[in-house]
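This walkthrough follows the charged side-chain pairs of one protein chain. Please keep the sequence and the model open while reading.

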Amino acid sequence: MRRVIRTATIDDLSDIAEVEALCFPAAEAASSEDFKKRLLVYPEHFVLLYEDDRLVSFVDGMVTDAPDLEDIMYEDASLHDPEGKWQMIFGVNTIPSCRKKGYAGMLIHKLIDMAREQGREGLVLTCKEELISYYSKFGFVNEGLSSSFHGGVIWYQMRLTFDKK
Ligand SMILES: CC(C)(COP(=O)(O)OP(=O)(O)OC[C@H]1O[C@@H](n2cnc3c(N)ncnc32)[C@H](O)[C@@H]1OP(=O)(O)O)[C@@H](O)C(=O)NCCC(=O)NCCS
């Protein structure tokens, strides 16, 4: 089995939408239309993991100067600012049959490395309570309840801030 980690192109749209649907309940899953809008604007801020020809895990998010992750960002790809300070993380997904192999961790590390190389201030994500300790392992700090009501669920915002040189 060959494992490949790479950024996305618009050609990955159907694979990405399929993985999302396997990972999230319908109320929380981004639609194929949402991903299309994102992939047309910031494909280089998607990181994908393929096992042979099968997409099994991905992470994505826009870059913005706004310090907090807001629900509108999920839908409005025009808010992406290539020069922005913060790499947002919108989704972390691994298909059920490939979980607990460290795949999401590899992709999160890759996105962190990319954001550091690009001179960002750090990364911001929102997550459910049960994943706070998972993201803490990467250096994310819990900032408490997020303003998000995405999918009618309670979300916490977490931030990883790079040390200033
Ligand atoms: C969360 C998710 C991306 C992890 O993917 P993965 O490739 O299995 O991640 P890794 O192998 O790097 O890490 C696995 C760790 O995830 C954590 N984790 C995953 N789901 C969890 C849950 N429901 N509750 C608590 N911890 C959880 C655990 O710490 C686990 O570590 P363990 O192996 O020691 O138990 C995957 O479970 C998934 O796609 N879930 C559904 C979508 C989702 O909730 N995404 C996160 C949005 S904030």
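By about how many helical turns are Asp113 and Arg116 separated in helix 4? The separation is about one helical turn, because the two residues lie 3 residues apart in that helix, which spans residues 103-117. The model is a predicted one. In it, the side chains of Asp113 and Arg116 form a salt bridge, with an N to O distance of 3.5 Å. Asp113 is partly exposed at 37% relative accessibility, and Arg116 is also partly exposed, at 44%.

Side chains of opposite charge can pair when their charged atoms come close. The structure holds 7 salt bridges.

Another of these pairs is Arg38 with Asp60, whose closest N and O atoms are 2.8 Å apart. This pair links distant parts of the chain: Arg38 belongs to helix 2 (residues 32-41) and Asp60 to strand 3 (residues 54-60), with the two positions 22 residues apart in numbering. Arg38 has 4% relative accessibility and therefore counts as buried. Asp60, at 1%, counts as buried too.

A further salt bridge joins the side chains of Glu143 and Arg159, at 2.8 Å from N to O. Here again distant parts of the chain are linked, since Glu143 sits in strand 8 (residues 141-145) and Arg159 in strand 9 (residues 156-161), 16 residues apart. Glu143 is partly exposed, with a relative accessible area of 41%, whereas Arg159 counts as buried at 11% relative accessibility. Glu143 and Arg159 also belong to a network of salt bridges that includes Asp68.

Terms used:
Residues are numbered from 1 along each chain as its sequence is written. This is a predicted model: local features need pLDDT of at least 70, side-chain atom pairs count only at pLDDT 80 or more; totals for chains, interfaces and linings use all residues. Side-chain values use heavy atoms; hydrogens and water are left out. A salt bridge is a side-chain nitrogen of Lys or Arg within 4 Å of a carboxyl oxygen of Asp or Glu. Helices (H or I, at least four residues) and strands (E, at least two) are DSSP runs, numbered from the N terminus. Buried means under 20% relative accessible area, exposed over 50%, partly exposed in between (1.4 Å probe, protein chains only).
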